[in-house]
Each structure stands twice: as C-alpha cells, then as structure tokens.
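Work through the exercises below with the sequence and the model side by side. Each task is followed by a solution that goes step by step.

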Amino acid sequence: MARATAKTNTEDYIRMYTQMVRIRAFEDNANQLYLAAKMPGLTHMYSGQEAVAVGICEALEDDDRITSTHRGHGHCVAKGAEFKQMFCELLGKAEGYCRGKGGSMHIADTSHGNLGANAIVGGSMGIATGAALSAKLQKTGRIAVCFFGDGATAQGLWYEVMNMAALWKLPVIYACENNGYSEYTRTDEIAAGSITARAEAFGIESFEVDGQDVLAVNELARGLVERCRKGEGPFFVNLATYRYHGHHVGDINRDYYRSKDEESEWKQHRDPITNFGKWLEAQNIASAEELVGINDAVRREAEEAVAHAEAAAYPDVSEVDMHVHAGIPHALSA
C-alpha cells in the first residue's frame, strides 16, 4: 500500500508474501463459514489468484482507485481492508464495511480507494473508467485499476469504456484476471481470437504476464502506474492465473468441465504463495521458520476476526430503508 518513506526490497517482499497469505486465509475461513451455513448468499473464492491482486495493489497509493468483481475478497484485502470488518460484512453484521448490506459480492472499502465488488459480470468497468476520468479532470494524480475476469471481455460495456479511455487518454489499467474459465466453460471455447488484440484495436497498449508470479506482476504494474501518472494511459494487462475452487462455493463436482489432474498441477507446481516462499528462502530473505511464523500469525488473526464477526450485532431493523430512500439519516453520519 502507500508508503510515506522508502522501504527496502526485503520489507516489500515480506509484505507481499504476507498479503498473499492473508488473502488465502480469508478465503479458507469464508469457505468454512459458508459450508457451516453461517454466511448468507453465495461467495466466489479468490484462492490461487493472490499474486494478481497483491502484485498490482502493492504498486498503488492508498487513494488510488480500484473496482472489483464478484470474486472480490482478494482485491479488498490487497487494497488494505481489515479482516474484522470484512468478515462482519460477509455475515451481514453492522460493523461490516457496508453495514452488512453488501455481503460478499458487493463489499467495498472506500477508505482505501476500493470502489466495490460487483455481482454483474463486467459491471464495474464503467465505474473504474469514470474514476479515471474524474482523476484527470480534477488533476488529482490518482489512477484507477479495473479488475475483471476473462468472461467479462465479452461484455459490450468493456468496448465502450475502452474507446472512451483511449480517446481521452485516461489513467486507467484494465487488468484481466484470465483464470482460463468463464464460469463452467473454457475461455478458449468462448473467446474468439486474442484477448489482448481486443484492447489493441482501440490503440491501447497491451501486455501479458504470468499471474502466478507476484514479482513479475508487481514489476509490470509499477511501470504502468508510473506511466499512467504521466498521462500515458490507458493500458490493458492479460494475467494468466487460476482459481482453485469452482466458479462459486457450491460448484464442487467440476469433473465435467475441468479435470482433477489439471487442478492438482496448478496447486502443486504453480501456487503463487508456495513458489514465492521458496524464492524468499533461496534468496536468504526469509527462513522456512520465519515463513511458518507469518502463516501462523495470519491464521490467528483470521480466526480472531471470525469469532469477532460471529459475536457482532446485526444492523437494527430501523435501517431497513437506509441508503435506499432520500431523507433517511445515514448510520455513519454521526
């Protein structure tokens, strides 16, 4: 996140590792809450894609904007959100970031520039582009990052906003988390031609990167963020990644659209956390014991946050029409 003073690479690396572990721990606990019937509604796990959110968000300042997807917990954590408020939101509690009214697919944290997740595929593309336009008109120096999946490249809104962003040279990065599947269908079966070529058709400079390599993602992101601030945007990035779970938590029997061998290959050989941990050890940046210590500390943090959320209060019934009709006092205005 934003840093007031220069940090050493070692501190950056440890923070990126920790943030990826935090995302994985959050998702593991969220999955258990759903399976235990403690969480209302559906949720979509981000496990396996941690290097994308962390690599990009670590290149941003705290007041830069991001928009997310229905698979948005990872972006929320990477942009600075706290476990307690996030778990409260998932459980519908008043202490949640949206007072429990957004839930998993609509969680937002505007205090850290996260304009929110969106249950509509590609629904946040216009929001991110609008945030970039306002940043340019107001000369704030901020940039916007729009996270979306490969399936969203079939949405007409994406082409509309890319056209505007290219014409107006907006400071926005369109980050396609290409996990190989559009819900239950292989992406190469529903996406004709090259995805990067779709952005290039508008004159938008496009890149491809290994979305499982947090250092590669971060290096590319830092360069593009700097160029955006200089007025050289927009940019498009196709990040090759993989979701470990199904499309949503109820998508358990996946053999009909992808094999267990494929899933095992990604988990055993392409895991972003495991591989980065091995690199940290090989570079003598952190020992195996230190990495275990980080994992244990994060696990305890998540468990404490879950217990806090389970004990937290639900919003009062008087809030049922709050944020819906004009003239209703806002719960956070006092």
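**Exercise 1: A salt bridge at Arg-142**

Arg-142 has a relative accessible area of 26%, so it counts as partly exposed (buried means under 20% relative accessible area, exposed over 50%, and partly exposed in between, with a 1.4 Å probe and protein chains only). The model is a predicted one, in which local features need pLDDT of at least 70 and side-chain atom pairs count only at pLDDT 80 or more, while totals for chains, interfaces and linings use all residues. Residues are numbered from 1 along each chain as its sequence is written, and side-chain values use heavy atoms, with hydrogens and water left out.

Task: Find which residue forms a salt bridge with Arg-142, and state where the two partners lie.

Solution: Begin with the rule, by which a salt bridge is a side-chain nitrogen of Lys or Arg within 4 Å of a carboxyl oxygen of Asp or Glu. The partner of Arg-142 is Asp-63, and their closest N and O atoms are 3.7 Å apart. Next, place the two residues: Asp-63 is in the loop between helix 2 and strand 1, and Arg-142 is in the loop between helix 5 (125–138) and strand 2, so that the pair links distant parts of the chain, 79 residues apart. Helices (H or I, at least four residues) and strands (E, at least two) are DSSP runs, numbered from the N terminus. Finally, Asp-63 is partly exposed, because its relative accessibility is 39%.

**Exercise 2: Two further salt bridges**

Task: Determine how the side chains of Glu-58 and Arg-15 meet, and whether Glu-58 is buried or exposed.

Solution: The side chains of Glu-58 and Arg-15 meet in a salt bridge, at 2.8 Å from N to O. Glu-58 is in the loop between helix 2 (50–57) and strand 1 (65–67), whereas Arg-15 is in helix 1 (residues 9–35), 43 residues apart. With a relative accessibility of 5%, Glu-58 counts as buried, while Arg-15, at 22%, counts as partly exposed. A network of salt bridges links Asp-12 with Arg-15 and Glu-58.

Task: Repeat the analysis for Arg-227 and Glu-205.

Solution: These side chains also meet in a salt bridge, at 2.8 Å from N to O. Because Arg-227 lies in helix 8 (residues 214–229) and Glu-205 in strand 6 (residues 205–210), the pair ties together parts that are 22 residues apart in sequence. By the rule for salt bridges, the count comes to 21.

**Exercise 3: The surroundings of strand 3**

Task: Work out how many residues of strand 3 are buried, and which strands pair with strand 3.

Solution: Seven of the seven residues of strand 3 (residues 172–178) are buried, so the strand is largely enclosed by the rest of the structure. In a regular strand, side chains alternate between the two faces of the sheet. Here Val-172, Tyr-174, Cys-176 and Asn-178 point one way, and Ile-173, Ala-175 and Glu-177 point the other way.

For the partners, recall that two strands pair if DSSP finds at least two bridges between them. Strand 2 (residues 144–149) runs parallel to strand 3 and is joined to it by six bridges, with Gly-149 opposite Glu-177. Strand 7 (residues 235–240) also pairs with strand 3 in the parallel sense, over six bridges, and Ala-175 stands opposite Val-237 in strand 7.
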